[in-house]
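Hi,

Here is the structure I promised to pass on. Have a look at it first, and then read my notes below.

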Amino acid sequence: MRIGILGSGLMGAKLGTIFVRAGHDVVFSYAREREKLERLARDSGGVARAGTPAEAARDADVVLLAVHWSRVDDVLMQAGDLSGKVIVTCSMPMNADDTELVVGRTSSGAEELARKVPTAHVVSAFGTVPSEVFFSVFETAGSGTPPSLFYCGDNAAAKDVAAQLIRDVGFEPLDAGPLLMSRYTEPFTFLTARLANEGNKGSAVAYRFEWYKERE
């Protein structure tokens, strides 16, 4: 797939690099310095290049939105027309100091994004685990039972694309339903963040859900 990365922070940089190593054609974009994007493209070890948000989005089959919530409007403006595009978002609707959600209860960041780009197909994914776990999951893929990863959206084809990317990173995709469910998956991120940041086992934490046969 051709993937445009909007955002060069931890989430965008790590997921973009993994997508490259999984065989995708990636354009890194949106950084204060173009040199950072060029370094990401060079160090990814595959088919990747640096570009503007418009260049990243123009020919992309899917766009990964991975910027701080305060930068969403700016990066969308720079990306231009996203009609018909699949947008996978891991951008949490956080306040300036990342201590609380600024959207919640009756809506979600993913739903607000869908309202901003009504002609695109938004899927919420990757935001419910810390970036520290991505490389470990990717490097151990196929060697055991993979961790789960929630995703949700309203367009079936777009969700199929997101599910494939989730598998490419090494997770088992767990369909949480329509985009409305991001009202619950986004707050769930606080739990994984607490385990990652305040526990004594390190930051590379993931989760897994299992179904068991009920005993009578």
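Let's start with a place to find: in which loop is D98 found? Keep in mind while you look that this is a predicted model. D98 belongs to the loop that runs between β5 and α5. Its backbone caught my eye, since the phi of D98 is near 60°, a positive value in a residue that isn't glycine. Most residues other than glycine have a negative phi. As for its surroundings, D98 is partly exposed, with 43% relative accessible area.

There is another case like this. F126 also isn't a glycine, yet it has a positive phi of about 75°. You'll find F126 in the loop between β6 and α6. Is F126 buried or exposed? F126 is buried, with a relative accessible area of 0%.

While you're in that loop, go along to V133, which sits between β6 (121-125) and α6 (134-139) too. V133 counts as buried because its relative accessible area is 4%, and the cut-off for buried is under 20%. Which residues does V133 touch, leaving aside those up to four places away in sequence? The answer is F171, A204, V205 and A206. Another one to look up is A196: it is 63 residues from V133 in sequence, but the two C-alpha atoms are 9.5 Å apart in space.

Next, helix α5, which covers residues 109-116. Its buried residues are G109, A110, E111 and L113. What covers them? The cover includes the strands β4 (62-65), β5 (86-89) and β6, along with the helices α4 (72-79) and α8 (182-198). So β6, the strand before the loop of F126 and V133, turns up here as well.

Last, the cysteines. How many disulfides does the count come to? Zero. A disulfide is a covalent bond between the sulfur atoms of two cysteines. Take C90: the closest cysteine sulfur to its own is in C152, and because the gap is 13 Å, while the cut-off is within 2.5 Å, that is too far for a bond. Looking from the other side, the sulfur of C152 has its closest cysteine sulfur in C90, again at 13 Å and too far for a bond. Both cysteines count as buried: C90 has 9% relative accessibility, and C152 has 1%.

That's what I have for now. Over to you!

Cheers

Notes:
Residues are numbered from 1 along each chain as its sequence is written. This is a predicted model: local features need pLDDT of at least 70, side-chain atom pairs count only at pLDDT 80 or more; totals for chains, interfaces and linings use all residues. Side-chain values use heavy atoms; hydrogens and water are left out. Helices (H or I, at least four residues) and strands (E, at least two) are DSSP runs, numbered from the N terminus. Buried means under 20% relative accessible area, exposed over 50%, partly exposed in between (1.4 Å probe, protein chains only). Contact means heavy atoms within 4.5 Å.
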